[in-house]
Each structure stands twice: as structure tokens, then as C-alpha cells.
There are 2 protein chains.
Amino acid sequence: MAVKRRDQDAEQDRAQKRLRARAELAGFAKALGHPARVEIVRFLLARDSCMCGDLVDHLPLAQSTVSQHLRILKDAGLIEGTIDGPRVCYCVAPRALARFQGLVADLRPGPGLTDRECEV
Amino acid sequence: MAVKRRDQDAEQDRAQKRLRARAELAGFAKALGHPARVEIVRFLLARDSCMCGDLVDHLPLAQSTVSQHLRILKDAGLIEGTIDGPRVCYCVAPRALARFQGLVADLRPGPGLTDRECEV
DNA sequence: ATCGTCTATCGTGAATTAACGATAGAAGGG
DNA sequence: CCCTTCTATCGTTAATTCACGATAGACGAT
């Protein structure tokens, strides 16, 4: 009984973890679900380190629109911005990017899912 | 001159390739930018092979909504559906998934981008 | 042929997103 | 202090997304 309880708990734990992983992956993917935002991340990665509002020059979008895309990426945790004098310096968050890459790489055939109805 | 021309062409080629890669990655990411669609892909992967409308039982969503999510994933190329008698059998498209994983894995520091203004 | 089942599509409404211009706040230079 | 520059935010509009019920098409079974 005690064992069974632990099994249930463990199962519930795994379910919780799956739920979180799903939401996490969806959040990252959604943030990258726009060409401009993909380009922002690639641009920031191409520059060895951070970068400020050259993005506005680089992208054919209004400054406010770029700022909005930056906020979406920042909310998703994929980039970070630090104030640097009158400018802001953005760079990708390596841990978040690695996490995203790990979640995507984990999308492979195999178990890791039960039959129980899932919440979304 | 001819050499320079070839260089220009090559550069233009790379630019085109980047443009396509960006749109491709954004498209895949957008398709996975919803928890229900992430769950669909995971569910299809967990079952060894394809699966039909058990997804409707698995997900707490209306059948029409599930069908819509399936269409989005199919439009993105991430899954394929084949008619199997009165049902439809879905499975992930391995090549597309691998392509997506490759594009995501390629998001790493380094060159691969020029300074020229880009189109979005 | 008719029924029941399974799935896709249509039509709809609420919510979200994308883009912009305009405005406001912060910081440095004169 | 004032001005300029850089960035974030506000407000708006058009477009898209998400979810649903209702409907329609395909197919096997009866």
C-alpha cells in the first residue's frame, strides 16, 4: 500500500513534469513563432555578445514593433536585457536556449506518456 | 570581376538560404506554439506508430478543435495523415521533425549572418 | 439502402497578435 | 538646465488564433 502510494506519487510527479515541459516547450516555440523574432535571436547569436538597438536598423520594422518583439522574447526568457548607459544591451539567455534545445531534442519516439487523459 | 560576381551570387545564395531557414524555423515553432499541439506530437511519438482520433479522447478539447490543431500541424508539415478505412491515421513526419530539430540545434553563437539589412 | 461512426469543414464569437505612430522616461552632452 | 538620443509603453486598428457547435462527407456494418 505504502509502495503503491509512492508509485502513485511518482506517477503524478511525472505527469506534472510532463505538463510543465509541455507548457515550457509551447512557450518557447510560440516566442520563436515569428520570423522577426527568429532573426533577432540569430542576430544576437551572430554577434559574439550582446547588442542594443542596432536591431532596429537591422530589421525593417518600426522601433516600437522591434521593442515589442524583444519584450515577447524577454517574457519567454530567451533573451535578457541590461541597461548600459543610455542604451539597452540584449543577449540571448544561454540556459533558456539550451533548455529549449533540450526539449526539442527530446521529441523522439518512445515512451514517456501514459494513456490518462491530459490537461492542456 | 567574374570572381566577384560569383562571390556576390554566393553571398546572395547564403542570404536566401538564411531567409528560408528563418521562415522555416518560425513556421515549425509557430505550429508547436500551443500546448495542445505539443501534446499531440508527444502523443503520436509515444505510440510506436500512427494513431487516429484517440487524440480526441486524450485531449480535453472538442473534436473540431482537435481537428483544427491537427490541420495546423499538418500544414506545417510536422505530421501526416493517411485515411485508413473510416478513420484517419496520423503520425509525425520524421524528416520534418528532424529538420526542425536541426534548425533549433543550429541556434548557437557564431557567424552565419551579415550586417546587411534583412527582410522579414 | 440505411444507419451509425469518424473526421473535416463551416460559421461564429471572444481573445490574442502584429504593426504602427505618438508619447513618455532615462541618461549623457552641451 | 536644456537638448538630443535611445528605449519602453500607450492606444489603435487590422488580422489572426482559439474554441465551440452544427453540418456535411466518407466508409463499414447491418
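How many residues does the contact take from chain B and from chain A? In this predicted model, the count comes out at 41 residues from chain B and 41 residues from chain A. The size of an interface is often given as the accessible area lost when the parts come together. Put that way, chain B and chain A bury about 3,600 Å² between them, and 68% of that area sits on carbon and sulfur atoms. As for charge pairing across the interface, there are two salt bridges between chain B and chain A. Arg22(B) makes a salt bridge with Glu39(A); here the closest N and O atoms lie 2.3 Å apart.

Helix α5 turns up from both chains in a helix pair. Residues 94–105 of chain A form one partner and residues 94–105 of chain B the other, and the two pack at an angle of about 165 degrees with their axes 10 Å apart. Since angles over 145 degrees count as roughly antiparallel, that is how α5(A) runs relative to α5(B). As for handedness, α5(A) goes past α5(B) in a left-handed crossing. On the chain A side, the residues involved are Phe100(A), Gln101(A), Val104(A) and Ala105(A), and what they meet in α5(B) is Phe100(B), Gln101(B), Val104(B) and Ala105(B). Sorted by class, the residues of this contact come to six nonpolar, two polar and no charged.

Next, the packing inside each chain. In chain A, helix α2 (residues 35–46) packs on helix α4 (residues 63–75) at about 75 degrees, and the axes are 10 Å apart. An angle from 65 to 115 degrees counts as roughly perpendicular, so α2(A) and α4(A) fall in that class. From α2(A), Ala36(A), Arg37(A), Ile40(A) and Val41(A) do the touching; they meet His69(A), Leu70(A), Ile72(A) and Leu73(A) of α4(A). That contact of α2(A) with α4(A) breaks down into six nonpolar residues, one polar and one charged.

Over in chain B, helix α2 (residues 35–46) and helix α4 (residues 63–75) cross at roughly 75 degrees, their axes coming within 10 Å. α2(B) and α4(B) are therefore roughly perpendicular to each other as well. Here Ala36(B), Arg37(B), Ile40(B) and Val41(B) come from α2(B), while α4(B) brings in His69(B), Leu70(B), Ile72(B) and Leu73(B). The class tally for α2(B) with α4(B) is six nonpolar, one polar and one charged.

Notes: Residues are numbered from 1 along each chain as its sequence is written. Chains are lettered from A and ligands numbered from 1 in the order in which they are written. This is a predicted model: local features need pLDDT of at least 70, side-chain atom pairs count only at pLDDT 80 or more; totals for chains, interfaces and linings use all residues. Side-chain values use heavy atoms; hydrogens and water are left out. Axes are lines fitted to C-alpha atoms, for helices over the stretch in contact, and angles run from 0 to 180 degrees between N-to-C directions. Helices (H or I, at least four residues) and strands (E, at least two) are DSSP runs, numbered from the N terminus. Angles under 35 degrees count as roughly parallel, over 145 as roughly antiparallel, 65 to 115 as roughly perpendicular and the rest as oblique. A crossing is left-handed if the near helix is turned anticlockwise from the far one by less than a right angle, and right-handed if clockwise. Contact means heavy atoms within 4.5 Å. Ala, Val, Leu, Ile, Met, Phe, Trp, Tyr, Cys and Pro count as nonpolar, Asp, Glu, Lys and Arg as charged, and the others, Gly among them, as polar. Buried area is the accessible area (1.4 Å probe) that two parts lose on being put together, summed over both. A salt bridge is a side-chain nitrogen of Lys or Arg within 4 Å of a carboxyl oxygen of Asp or Glu.
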